[in-house]
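This report covers the protein–DNA surfaces, the relation between the chains and the packing of selected helices. The sequence and structure come first.

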There are 2 protein chains.
Amino acid sequence: MHEVATTNEEDQGLAALKFDVFARGCPARSTLEHVTGRWSILVLGGLDAGPMRFNALLRRVEGVSEKMLAQALQALRRDGFVHREVRTAFPPNVEYSLTPLGRETSAKVRGLIEHLEAHMPQVLAANEHYDQEQISG
Amino acid sequence: MHEVATTNEEDQGLAALKFDVFARGCPARSTLEHVTGRWSILVLGGLDAGPMRFNALLRRVEGVSEKMLAQALQALRRDGFVHREVRTAFPPNVEYSLTPLGRETSAKVRGLIEHLEAHMPQVLAANEHYDQEQISG
DNA sequence: CGGGATCCGAGACGATACTG
DNA sequence: CAGTATCGTCTCGGATCCCG
């Protein structure tokens, strides 16, 4: 089974070798899917701007439904990337923020997002080139 | 050199502002989905090790079906991340490799994957903590 | 070996309605 | 405001067969 109760750095290093996303049942694969899911990745990227409330996120991630946002937030929370803070008041006030691990992860995600955004002209050009080839070929 | 219409930094800045994954119909969003898709991200990470043939990839990305691998490769190829080279011989020999853009992108993806693999103990601990809270709460 | 075509079930997803 | 519950749609994805 998974022996992952580690406190010192040596054990951390050895434990890391046990996780391989390319392997069939590896838990790292599902975690990767939680992070890179259609909406999760945008939630993670969105929270990178700072703590946000539910409806603020709903507006920031255009097109997401309440159901999908709630679902994505739950998965990210379960994996320890997102923190949920409830302030009992009226009207109810719930704030979502990144945990330290969430911030590290979000930084990588944002790096990927910004890299893609910056190279979109190149991607769109590749699209057209590919489509032209399909017609002639 | 395959430059994409931009020589000065002003155009770069303006072009970059045009693509926002958080916006509804932005093409960058679908590109992001192609890259971070369930199998695509593993294909991209797998090809990072070097050029590979179809069945080699099929074995490396454990659990992927022929259909899904072919589909992921097509999308990555259309977006200009992956190059396909056919050698007419018998038996047929087809090799897949990363384009320059693909290598840059794969590096980011790989960084994310390795970061997650390294922190899996922390994630699994968060899972257990979360599940315990659900029972008591 | 490297795929394409087809069928089909499971789950993702969106819209709506309802609750604390 | 911050969700949960329910339902219908529709895409994803696996299994299988087939072809160059």
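## Surface near DNA strand C

α5(B) makes the largest contribution to the surface near DNA strand C, giving 4 residues. Helices here are DSSP runs of H or I with at least four residues, strands are runs of E with at least two, and both are numbered from the N terminus. This is a predicted model in which local features need pLDDT of at least 70 and side-chain atom pairs count only at pLDDT 80 or more, while totals for chains, interfaces and linings use all residues. Residues are numbered from 1 along each chain as its sequence is written, chains are lettered from A and ligands numbered from 1 in the order in which they are written, and side-chain values use heavy atoms, with hydrogens and water left out.

Around DNA strand C there are 19 residues, the closest being A:Lys67, A:Met68, B:Asn55, B:Arg84 and B:Tyr96. A residue counts as near a strand if one of its heavy atoms lies within 4 Å of it. Of the atoms of DNA strand C that come within 4 Å of the protein, 65% belong to sugar and phosphate. The elements that each supply at least two residues of this surface are α5 (66-78) of chain A and, from chain B, α4 (54-60), α5 (66-78) and β3 (93-98). By class, the surface near DNA strand C has 8 nonpolar, 4 polar and 7 charged residues. In this classification Ala, Val, Leu, Ile, Met, Phe, Trp, Tyr, Cys and Pro are nonpolar, Asp, Glu, Lys and Arg are charged, and the others, Gly among them, are polar.

## Polar contacts to DNA strand C

A polar contact is a pair of N or O atoms within 3.5 Å; within protein, one must be able to donate a hydrogen and the other to accept it, and residues adjacent in sequence count only if both atoms are side-chain atoms. Three side chains of chain B have an N or O atom paired with a phosphate oxygen of DNA strand C: B:Tyr96 at 2.3 Å, B:Arg84 at 2.6 Å and B:Gln74 at 3.1 Å.

## Surface near DNA strand D

DNA strand D is surrounded by 18 residues, and the closest are A:Arg53, A:Asn55, A:Arg84, A:Tyr96 and B:Lys67. Sugar and phosphate make up 60% of the atoms of DNA strand D that come within 4 Å of the protein. α5(A) provides the largest share of this surface, 4 residues. At least two residues each come from α4 (54-60), α5 and β3 (93-98) of chain A and from α5 of chain B. The classes are 9 nonpolar, 3 polar and 6 charged residues.

Which atoms of DNA strand D lie 2.2 Å and 3.1 Å from polar side-chain atoms of B:Lys67 and A:Glu66? For B:Lys67 the partner is a base oxygen, at 2.2 Å; for A:Glu66 it is a base nitrogen, at 3.1 Å. A polar side-chain atom of A:Asn55 is 2.8 Å from a phosphate oxygen of DNA strand D.

## Relation between the chains

Chain B superposes on chain A after a rotation of 180 degrees with 0.0 Å of shift along the axis, at an RMSD of 0.1 Å. This is the relation of a two-fold axis. The superposition is by least squares on the C-alpha atoms of residues with pLDDT of at least 70 in both copies. Both copies use the same surface, as 98% of the contact residues of chain B recur in chain A. Contact means heavy atoms within 4.5 Å. Within chain B, B:Thr36 comes closest to the rotation axis, with its C-alpha at 2.9 Å.

## Helix packing

Two packed helices are described by the angle between their axes and the distance between the axes. Axes are lines fitted to C-alpha atoms, for helices over the stretch in contact, and angles run from 0 to 180 degrees between N-to-C directions. Angles under 35 degrees count as roughly parallel, over 145 as roughly antiparallel, 65 to 115 as roughly perpendicular and the rest as oblique.

Within chain A, the axes of α3 (residues 40-47) and α5(A) come within 9 Å and cross at roughly 75 degrees, so α3(A) and α5(A) are roughly perpendicular. A:Ser40, A:Val43 and A:Leu44 of α3(A) meet A:Leu69, A:Ala72, A:Leu73 and A:Leu76 of α5(A). This contact has 6 nonpolar, 1 polar and no charged residues. Between chains, α7 (residues 120-136) of chain A packs with α5(B) at about 115 degrees, with the axes 8 Å apart, which makes this pair roughly perpendicular. A:Val123, A:Ala126, A:Asn127, A:Tyr130 and A:Asp131 of α7(A) meet B:Gln74, B:Arg77 and B:Arg78 of α5(B). The residues divide into 3 nonpolar, 2 polar and 3 charged.
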